[in-house]
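Please look over the model shown here. A short report on its fold, one of its sheets and some of its charged pairs is wanted.

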Amino acid sequence: MPHLIIKHSRPYQIVAIAIAVSLVIFTTFWFLLDESHWSYIKSRVAIGQKSKRLWTENRTLETENKLLREQVIMLERTTQIDSQAAAELHEEMKKLQDEIYTLKGELEFYQAIMASTSTTRGLSIQGMQINRLPVENNYHFKLILTHVEKSDKVVEGTAEISLEGLQDGVAKVLNISDVVLNKAIDLSFNFKNFKRIEGNMMIPEGFTPHRVIVRLQPKDTKLSKIKRVFDWSEMLG
């Protein structure tokens, strides 16, 4: 009769032996590495950590730089808007100053007319004003006629305006109709107390005006013709 042999399996011992062998191999490998290898590994690890830190800092700086660029653009736009607003305000103030200057001249002009009417009777040439226009050799003229009477009688007639000066050094007289821009200007008058004749004119190239001569021809033959001479430079101020 054959004998039955029973053998006990020891798996835990095999695992323990495998672990022990692995530790021996790892320890041997550990000690076989010299100091330079460990330094290299440590340096690579340090470089990796530094690169990660620099990458993080670079991303942060890029974000901050983007924000700063946006702020700079906003400031530039704000500065442009402020500069534009300041320029517009300056231009508006200049226009207002010009208007005030013009209105002041108008006021003085009419005050002088009102003062003169207190002593003048009948039809009279009270004043003439000439102002430069933005276009070279262009001017605006304004002629004021008055008629001071106790009655409400209407005075009628026509006015004649001429410019005396030099054309390229030679004496010359120009009629207002030769230089006025509005060829349909009406130089006739029919009023009781006050009449204003005005328009724009362009002085020919080479002509230097010295005087403006105004003549009034009343329709009523009982009334005398009236003439008044104005100095060009004085009217321009």
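The report below starts with the whole chain and then turns to single residues.

## Overall make-up

This is a predicted model. The chain holds four helices and eight strands. Read from the N terminus, the elements follow the order α-α-β-β-β-β-α-β-β-β-β-α.

Of the 237 residues in the chain, 22% are buried. The exposed area comes to about 18300 Å². Carbon and sulfur atoms supply 59% of that area. Among contacts with a separation of 6 or more, 63% are between residues 24 or more positions apart.

## The E1-E2-E6 sheet

Three strands build an open sheet, in the order E1-E2-E6. Their pairing is antiparallel. Strand E1 (122-132) and E6 are the edge strands. Each has a single partner strand, so one side of each lacks a neighbour in the sheet. From one strand to the next, the twist averages 15 degrees.

Strand E2 covers residues 138-148. E2 and E6 pair in the antiparallel sense, over nine bridges. Within this pairing, Phe141 stands opposite Gly199 in E6.

## Glu198 and its surroundings

Glu198 lies in strand E6, which spans residues 194-202. Is Glu198 buried or exposed? Neither label fits: its relative accessibility is 33%, so Glu198 counts as partly exposed. The cut-offs are under 20% for buried and over 50% for exposed.

Which residues does Glu198 touch, leaving aside its neighbours within four places in sequence? The contacts are His140, Phe141, Lys142 and Ile185. With His140 there is a polar contact, side chain to side chain, at 2.9 Å. Val180 is 18 residues from Glu198 along the chain, and the C-alpha atoms of the two are separated by 9.9 Å.

Glu198 also makes a side-chain polar contact with the side chain of Arg196, at 3.2 Å. The two residues form a salt bridge as well, with the closest N and O atoms 3.2 Å apart. Arg196 is partly exposed, with a relative accessible area of 40%.

## Salt bridges between E3 and the E7 region

How many salt bridges does a search of the whole structure find? The search finds five. One of them joins the side chains of Lys219 and Glu156, at 3.9 Å from N to O. This pair links distant parts of the chain, 63 residues apart. Lys219 sits in the loop between strand E7 (207-218) and strand E8 (226-231). Glu156 belongs to strand E3, residues 155-167. The two ends carry different labels: Lys219 is exposed, with a relative accessible area of 61%, whereas Glu156 is partly exposed at 32% relative accessibility.

Glu160 and Arg215 form another salt bridge through their side chains, at 3.8 Å from N to O. This pair also links distant parts of the chain. Glu160 is in strand E3 and Arg215 in strand E7, 55 residues apart. Glu160 has a relative accessible area of 38%, so Glu160 is partly exposed. Arg215 is partly exposed too, with a relative accessible area of 32%.

Definitions and conventions: Residues numbered from 1 in each chain as written. Predicted model: local features only at pLDDT ≥ 70, side-chain atom pairs only at ≥ 80, totals over all residues. Heavy atoms only, no water. Helix = DSSP H or I, 4+ residues; strand = E, 2+ residues; numbered from the N terminus. Buried < 20%, exposed > 50% of the residue type's maximum accessible area, 1.4 Å probe, protein only. Contact = heavy atoms within 4.5 Å. Areas by Shrake-Rupley, 256 points an atom, 1.4 Å probe, with all protein chains shown as cover. Polar contact = N/O pair within 3.5 Å; in protein donor to acceptor, adjacent residues only side chain to side chain. Salt bridge = Lys/Arg side-chain N within 4 Å of Asp/Glu carboxyl O. Pairing = 2+ DSSP bridges. Axes fitted to C-alpha atoms, helices over the stretch in contact; angles between N-to-C directions.
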